[in-house]
Amino acid sequence: MDDTIDKVSVQSLIEKEHLINLTPEVDAVHKYITIPDVNRPALQLAGFFDQFDAERVQIIGNVETAYLMTFDRPARRAKYAALTKYPMPCIIYARSIEPDSCMIEACRAAQIPLIQSKRPTTELEAEVIRWLKVKMAPMISVHGVLVDVYGEGVLIMGDSGIGKSEAALELIKRGHRLVSDDVVELRKVSDESLVGSAPDITRHFIELRGIGIIDIKQMFGVECVKDTQTIDMVIKLSEWSKDKDYDRLGLKDNFTEFLGNKVIAYDIPVRPGRNIAIIVECAAVNNRAKKMGYNAAQVLYERVTANMSKNSEVDN
């Protein structure tokens, strides 16, 4: 399933960031943010409204407040009225700054939620943008299990009953963390990054055939679960076939694609006696090593090539 959330309610932002709603009488539930970005209306408060991004979340910090306080009350009232005539989703004051009564009156009159945050202005901007981009990113749901293994997000995929959940359970017992079982929601937060999470209804649960549903958070503790994780690699489990040619060196990387982003993928054959959890651990560590510049397969290839060249020189 391919989906994109094109709007987020202001109330969701208030709850996520633990913000203080200074205008509770204004409806924040049905006020929506449609752009995953923010704006600081410094130029607008100075009277310049060309190219004004009114559809963004508006953030006011110390600089804007200090500027406004240089004006008398009637002048401030006029500036607030000029600003709030534009249909913006909300206005947030950073650093626990208390807006003056003129701003509160203007927001009430325009039905614009006025909110307060304890965060420093720059930190607030970054966090709001990050959260909105994740919430509004293109999203698909895939069948699989997502586990954090040594900091690597490993998406385990394969046919139903192949042993994905059992492998995840073994990884959890070995100290790794579950993100999602059965259904994984993948969001494209950038051209390089995919973030996976669990649907709300199945978060922290695993289904084990023959046993049923178990609650990982309740059984193993909060240190064994995680809400979101970047997808770093994909493990595809499949039944062992003697007729299939499996990669034994790993000189060439294979990839799978989600939402236009390529992720490195490994095909792991399943047969009795193979410990899939240990293989996943090794794959995660090997993937980290590759990202740090060390490729064991390439080193072995260079050693073999150098040895063959040396033997050839001796024969000649």
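This passage describes a six-stranded sheet, the helices that lie across it, and a surface patch in a predicted model.

The sheet is open, and its strands follow the order β12-β10-β11-β18-β20-β19 with mixed pairing. Strands β12 (177-180) and β19 (254-258) form the edges; each has a single partner strand, so one side of each is left without a neighbour in the sheet. On average, neighbouring strands of the sheet are turned by 35° against each other, direction ignored.

Within this arrangement, strand β18 (residues 233-239) and strand β20 (residues 261-270) run parallel and are joined by six bridges. The pairing can be followed at the level of residues: Ile 235 has Tyr 266, in β20, as its bridge partner.

Two helices that lie across strands of the sheet were examined. Helix α7, comprising residues 164-173, lies across β10 (145-149), β11 (152-158), β12 and β18. Its direction makes an angle of about 20° with β10. Helix α9, comprising residues 276-291, lies across β10, β11, β18 and β20, and runs at about 145° to β20. Strands β10, β11 and β18 are thus listed for helix α7 and also for helix α9.

A nonpolar patch is present on the surface, formed by Leu 249, Leu 251, Leu 300, Tyr 301, Val 304 and Met 308. Together, these residues have about 590 Å² of accessible area. One of them, Leu 249, is located in the loop between β18 and β19. Leu 249 has a relative accessibility of 55% and therefore counts as exposed, since the term applies to values over 50%.

Notes:
Residues numbered from 1 in each chain as written. Predicted model: local features only at pLDDT ≥ 70, side-chain atom pairs only at ≥ 80, totals over all residues. Heavy atoms only, no water. Pairing = 2+ DSSP bridges. Helix = DSSP H or I, 4+ residues; strand = E, 2+ residues; numbered from the N terminus. Axes fitted to C-alpha atoms, helices over the stretch in contact; angles between N-to-C directions. Contact = heavy atoms within 4.5 Å. Patch = residues over 30% accessible without salt bridge, like charges linked within 9 Å, V, L, I, M, F, W, Y side chains within 5 Å. Areas by Shrake-Rupley, 256 points an atom, 1.4 Å probe, with all protein chains shown as cover. Salt bridge = Lys/Arg side-chain N within 4 Å of Asp/Glu carboxyl O. Buried < 20%, exposed > 50% of the residue type's maximum accessible area, 1.4 Å probe, protein only.
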